[in-house]
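Please open the model in your viewer and keep the selection tool at hand, since this tour moves from one selection to the next.

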Amino acid sequence: MKLYLKMMALHFSAAMSYKSSFLLMVLGQFLISFASFLAVHFIFMRFDDVSGFTYTDVLLCFSAVLMAYSISECFASGFKYFPSTLSTGAFDRMLLRPAEPLFWVFASKMEFSSVGRLFQALLIMGYAVVGAAVEWSFFKVTVYVLMILGGVCYFIGCYIVYAALCFYTTEGLEFINIFTDGGREFGKYPISIYGEGALKFFTFILPLACSQYYPLMYLLGRVKSPLMGLTPLVTICFLAPCVIFWQASLKHYHSTGS
Amino acid sequence: MKKYRLYFTLTLNHQLQYRAAVYAGVLTQFFWGLLQILLYHALYISNPAASPMTLEQLASYFWLQQAFMTLFMTWFLDQDILDMIATGNIAYELCRPIDLYNVWFVKSMSNRFSKALLRFFPILIAASLLPKPYKFLWTQPPLQLIFFSISLISGFLVVVAFTMLIYVLTMLTLSPIGLRIVALSLMEFLSGGIIPLPFLPDHIRRYVEWLPFASMQNTPFRIYSGHISGSGVFSAIGLQWFWLVILLLVGKVLMQMALRHAVVQGG
């Protein structure tokens, strides 16, 4: 952990040495996610609700997912850029170091410009938390925090699987994007609106809905069982099979030799 | 002309090498399009009267968007050209007896075109096999198809002409990342890449529809789906040509200016 903090400080000072470029990147990230928010806003100027969810309901969901995405993008971008780590041979160096390779991949890159996105998420959250029809209690706040944590685990899990698949293919599989970027874009809305099939998929195969749709239903008081509020724990557990898959795939690794 | 055709086929052949990446891309885009349609389907079901487009129109809009994405995605810039500017290799290009603007135009055109060539057919075929409200409809009146093709090509040229402006501005400023991200996210939104333009509130849409961004993917896809019809088709294509001419002229003039002040970076 201490080592991780040290790496973090290093990455931070590296990012800070190009201040204006960094600030522009932050601004850019903010604008990109702002456009995504505007889309939701304009949609709801036309439609009062989607499958029973109002504007503030959706924003509550949107803010949790966006927050989770920006946090995981900041810390797990080492996995996102893993194909190039592999093809340049930088991964060989990581294997030689003490401590887990998984740790080194985590620490290899941090994208602080996601603060732009995070800031956007905070703004939406502020609006949604005040505006949504939720009677906040200590437990409900915990559920909301769990939603974010669950989301972070979901995205990091997907990134780890993406990187682990690179051991077999060397190249990145664009298909995983549908679960990461797609999870962010389509996860703005509660998964249930995409229909039964999508909901089942995102519950039992990739548990994104567990940190999104089910706890949201609990927050909004549509389901009473507090157990529903704790479903994000499933998403947090999802991280385990991802890490196991990574460890198993690591055995498959052949250096690219360069 | 022959030189440019050579450039075109060269880039095309180069791009066609990456077939595995294409299959992965097709699969991704197919599911992306499907989710997009499911989302708008849910909106439509919630309140059919509020939707400015019918389900069939939405389905063809989004399938065409995925199929021809590489022609129209505004955030996709030619890394070769950007590297050329940053590393100073642009000097070599300048030594050649060809017009830099035209070469880059052809280069980015063929780059986008080759990507689309491999992708659009499988996506549309797969999409047409889906059940009714989600499926892509091939059967449009021939006249509509002709107008769609004209508009598709014009819109494509508008996109390329616009990205040329970004390359030229990159030459002028050399610190392009921030500017680029701001410009690109704005462009994507205003061109209808995030939500179809008819879904914007009317008082905003009225102005946005006149911008060059609306002459990109918005026009051809809405002509195909029949959302723009009758005399609207002619004025929409007219507007596309107007912007194409303006963008080409501005691009060429700016390029001349940039070349006059060109500083070749490093060696």
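Before the first stop, one term is needed: two residues are in contact if their C-beta atoms, placed from the backbone, lie within 7 Å. Please also keep in mind that what you are looking at is a predicted model.

**First stop: two helices of chain B.** Select helix 2 of chain B together with helix 3, residues 55–67, of chain B; the two pack at an angle of about 155 degrees, and their axes are 9 Å apart. Angles over 145 degrees count as roughly antiparallel, and helix 2 of chain B is therefore roughly antiparallel to helix 3 of chain B. Their crossing is right-handed. Now show the side chains: on helix 2 of chain B you will find contact residues including Phe30(B), Trp32(B), Tyr40(B) and Tyr44(B), while those on helix 3 of chain B include Leu55(B), Phe62(B) and Trp63(B). Sorted by class, this contact holds 10 nonpolar, 5 polar and no charged residues.

**Second stop: where the chains meet.** Keep helix 2 of chain B selected and add chain A, where 32 residues are in contact with 27 residues of chain B. On the chain B side, the elements that give two or more residues are helix 2 (19–46) and helix 9 (177–190). Helix 2 of chain B supplies the largest share, 13 residues. How do the residues on this side of chain B divide into nonpolar, polar and charged? There are 20 nonpolar, 6 polar and 1 charged.

**Third stop: a helix with a kink.** Select residues 100–128 of chain B, which form helix 7; at 1.5 Å a residue its 29 residues should span 42 Å, and this agrees with the 42 Å between its end C-alpha atoms. Follow helix 7 of chain B to Arg119(B), where there is a kink of about 30 degrees, shortly before the proline Pro122(B).

**Fourth stop: another pair in chain B.** Select helix 8 (residues 142–173) and helix 12 (residues 231–260) of chain B, whose axes come within 9 Å and cross at roughly 25 degrees. That angle makes helix 8 of chain B roughly parallel to helix 12 of chain B, and the crossing is left-handed. Their contact has 23 nonpolar, 5 polar and no charged residues.

**Last stop: chain A.** Finally, select helix 2 (residues 19–46) and helix 7 (residues 115–131) of chain A, which pack at an angle of about 40 degrees with their axes 7 Å apart, and which are therefore oblique to each other. Among the residues that meet here are Phe30(A) and Phe34(A) from helix 2 of chain A, and Phe119(A) and Ile124(A) from helix 7 of chain A.

How values were computed:
Residues are numbered from 1 along each chain as its sequence is written. Chains are lettered from A and ligands numbered from 1 in the order in which they are written. This is a predicted model: local features need pLDDT of at least 70, side-chain atom pairs count only at pLDDT 80 or more; totals for chains, interfaces and linings use all residues. Helices (H or I, at least four residues) and strands (E, at least two) are DSSP runs, numbered from the N terminus. Ala, Val, Leu, Ile, Met, Phe, Trp, Tyr, Cys and Pro count as nonpolar, Asp, Glu, Lys and Arg as charged, and the others, Gly among them, as polar. Axes are lines fitted to C-alpha atoms, for helices over the stretch in contact, and angles run from 0 to 180 degrees between N-to-C directions. Angles under 35 degrees count as roughly parallel, over 145 as roughly antiparallel, 65 to 115 as roughly perpendicular and the rest as oblique. A crossing is left-handed if the near helix is turned anticlockwise from the far one by less than a right angle, and right-handed if clockwise. The expected span of a helix is 1.5 Å times one less than its number of residues. The bend at a residue is the angle between axes fitted to the seven residues ending there and the seven starting there.
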